[in-house]
Amino acid sequence: MKRILPVIGLLVFAVPAWAASPGVSPQQFSWSWEGIFGTYDREQVQRGLEVFTTQCHSCHSLKYIRFRDLVAIGLSEDEAEALAAGYEVPGDLDEWGDETTKPAELQHTFPGPYRNDTEARALNNGALPPDLSLMVKARVDGANYIASLLMDPDYNQSEPDDNGLYHNPYFAGGSIAMAPPLYEGLLVDAEGNDMAVDELARDITAFLAWAAEPKLEDRKRMGMKVVLFLLVLTGLYYVLKRKIWANVEH
Amino acid sequence: MADFMNNGLVRWFDRRLPILSWTNHHLIDYPAPRNLNYMWNFGSLAGIALVIQIVTGIVLAMHYTPHADMAFDSVERIMRDVDYGWLMRYAHANGASFFFIVVYLHVFRGLYYGSYKAPREVLWWIGLVILLTMMATAFMGYVLPWGQMSFWAATVITNLLSALPFVGEPLVEWVWGGFSVENPTLVRFYALHFLLPFVIVGLVGLHLWALHHTKSGNPLGIDATGPQDSIRFHPYYTIKDAFGAGMFLLVFAVFLFYAPNYLGHPDNYIPADPLKTPAHIVPEWYFLPFYAILRAIPSKLGGAVAMALSIGILFLLPWLDTSRVRSAAFRPVFRWFFWILVIDIIVLGFVGANPPEGAWIVIGQIATAWYFLHFLILLPLIGWFERPRPLPASIATAVLEGSGSASSGRGAR
């Protein structure tokens, strides 16, 4: 047994499947959802939701999140319903066969800001703002990457270059089409003070981390039970194995 | 004979369909060498991994939509809206990695202890066919989420077929069902990904048939000479396999529940985009050494042939290894080269994970050359020139003298 474990360890840890990340390695933050007991900080994620709805959502979609999902981050059903009602989704055809719209309900996903990708590009200098639902899982070291990219001070003070791009060292290639989205005073905190860019960046990252992996808490809770069960079971197997083999020279 | 066979009803049934005495013969009274070490656990672990893949895979198939426009969304729906869908998908994705981990360790066990030598050549070949079928299954399964890596891995690998002279172009278009990787490719990969695991089940049956016909090898590499060399499979190896399964599931659970995306690639959470090539296209970790061999040869056809041969030559192993001694425990020179080969393959894995630039190209070519040198030149030569240590008279004598398990890797006196 002692000889097998290092071999398994070597095979598992020796070869991470991804190549080097393009762009500067992101700064490392500590996040509430890390570690085996990690959970999302509901208040932080809710503040992130506010950052999303007031700023990000004017260009980015969030197509895998339904309004009812927001109950999981601490909104009441009424609050989620009220938020949904502020958005319009396609309704039934009317009696003339014309398309209609209606207020969104709990079962609807966040409507995208554009009718289609072509419109999105046309209104964004040719660049397509990506959907944010999976962004944290779709980038190497995703949470740290997004937070670093959004709070970089030089980026946040930069002017666009001749191509309308902004310099950001964390973005692959170094030039990003997105104008710096966060600024001090975009939102106020519970005491009514202006929130700093760093706080806003951390909060939106927390929201996007939840959006990318909403089952994280269920997963870690179940993992604890499974691992403890397997430890006991395997321990019993080991004792039994020792007992059965006790009188056999091998 | 197990106790339940004394029951009259059992015997009545068994005279009409001898499934119970068959089970008794193969799983209970079956004589196994008494000195198997923990490296002999990986066969049963591979079986467990196969069952995990089939069970989780069938559940996923009930919720997945095999269409280029809907596959990615349907996977996210499984992750978010299907009850325990995240568990099924993470178990399936990590299960593939763990299937390869245990199978690779099983193969290395075979290489170390000479499991491919007479009379087990056919057993070894069936194992290699299982490995190849697994690789095809895993490759096609990785395409199904229709993320960026899915799409581009499918493009890179299927394009290799176009390197074949004359038939290449029409063949690759036939495989694609079009003029590039697109919806028809996805749908046929789905159909085959569903089919092949059951082909593997059949091959596993043949593998076990051949195993029970030739009987298990053992760390000493000598044949059993009598009943004193063997013990009953149950309870001795059933409990040992159960303990091994517990250990395996523990490591698996740690990845599944606490690092489910560690072995995956972030780019596969970006939907497939035929117009945007990822900066570095890399396969899953278990294909990296083969990918390195593919890229080591500066010719498309040459690379594809080398990659095919890297497994192909393993079929010739019973003759490439000229030594009559099976176990590396008694082969002082071979043992060194075995471990060098292991390191070489790990180096190939790193080369496969890195972009083919600078020193990685040279390292990849040297490591590839060494891989083939090992099997085609060194292995025959070592067999001729090496002086093996004396073999013990029997498993029982070695065991009773306290050096029999060879679990230390040095079974000789």
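## Domains and nonpolar cores of chain B

In this predicted model, the domain assignment divides chain B into domain 1 (33–280) and domain 2 (284–326 + 332–387). Taken over C-alpha atoms, the centres of domain 1 of chain B and domain 2 of chain B are 21 Å apart. Between them, 22 residues of domain 1 of chain B are in contact with 17 residues of domain 2 of chain B. On the side of domain 1 of chain B that touches domain 2 of chain B, α5 (85–113) and α6 (121–143) of chain B each provide at least two residues. The residues of that side of domain 1 of chain B fall into three classes, tabulated here.

| Class, side of domain 1 of chain B that touches domain 2 of chain B | Residues |
|---|---|
| Nonpolar | 15 residues |
| Polar | five residues |
| Charged | two residues |

The largest nonpolar core has 104 residues. Those touching the most other members are B:Ala46, B:Phe99, B:Val102, B:Val143, B:Ala292, B:Ile293 and B:Leu348. The element that gives the most to this core is α5(B), with 15 residues. Because domain 1 (33–280) and domain 2 (284–326 + 332–387) of chain B both give residues to this core, the core lies between them.

One of the residues named above, B:Val102, can be followed through its contacts. Neighbours within four places in sequence aside, B:Val102 is in contact with B:Phe42, B:Leu45, B:Ala46, B:Ala49 and B:Phe248. Of these partners, B:Ala46 is also among the core residues that touch the most other members.

Another core, of 45 residues, lies apart from the largest one. Its residues include A:Ile65, A:Leu75, A:Leu200 and B:Tyr269.

How values were computed:
Residues are numbered from 1 along each chain as its sequence is written. Chains are lettered from A and ligands numbered from 1 in the order in which they are written. This is a predicted model: local features need pLDDT of at least 70, side-chain atom pairs count only at pLDDT 80 or more; totals for chains, interfaces and linings use all residues. Domain bounds come from an automatic or database domain assignment. Two residues are in contact if their C-beta atoms, placed from the backbone, lie within 7 Å. Helices (H or I, at least four residues) and strands (E, at least two) are DSSP runs, numbered from the N terminus. Ala, Val, Leu, Ile, Met, Phe, Trp, Tyr, Cys and Pro count as nonpolar, Asp, Glu, Lys and Arg as charged, and the others, Gly among them, as polar. A nonpolar core is a set of buried Ala, Val, Leu, Ile, Met, Phe, Trp, Tyr and Cys residues joined through C-beta atoms within 7 Å. A residue is buried if 20 or more other C-beta atoms lie within 10 Å of its own, exposed if 12 or fewer, and partly exposed in between; C-beta atoms are placed from the backbone.
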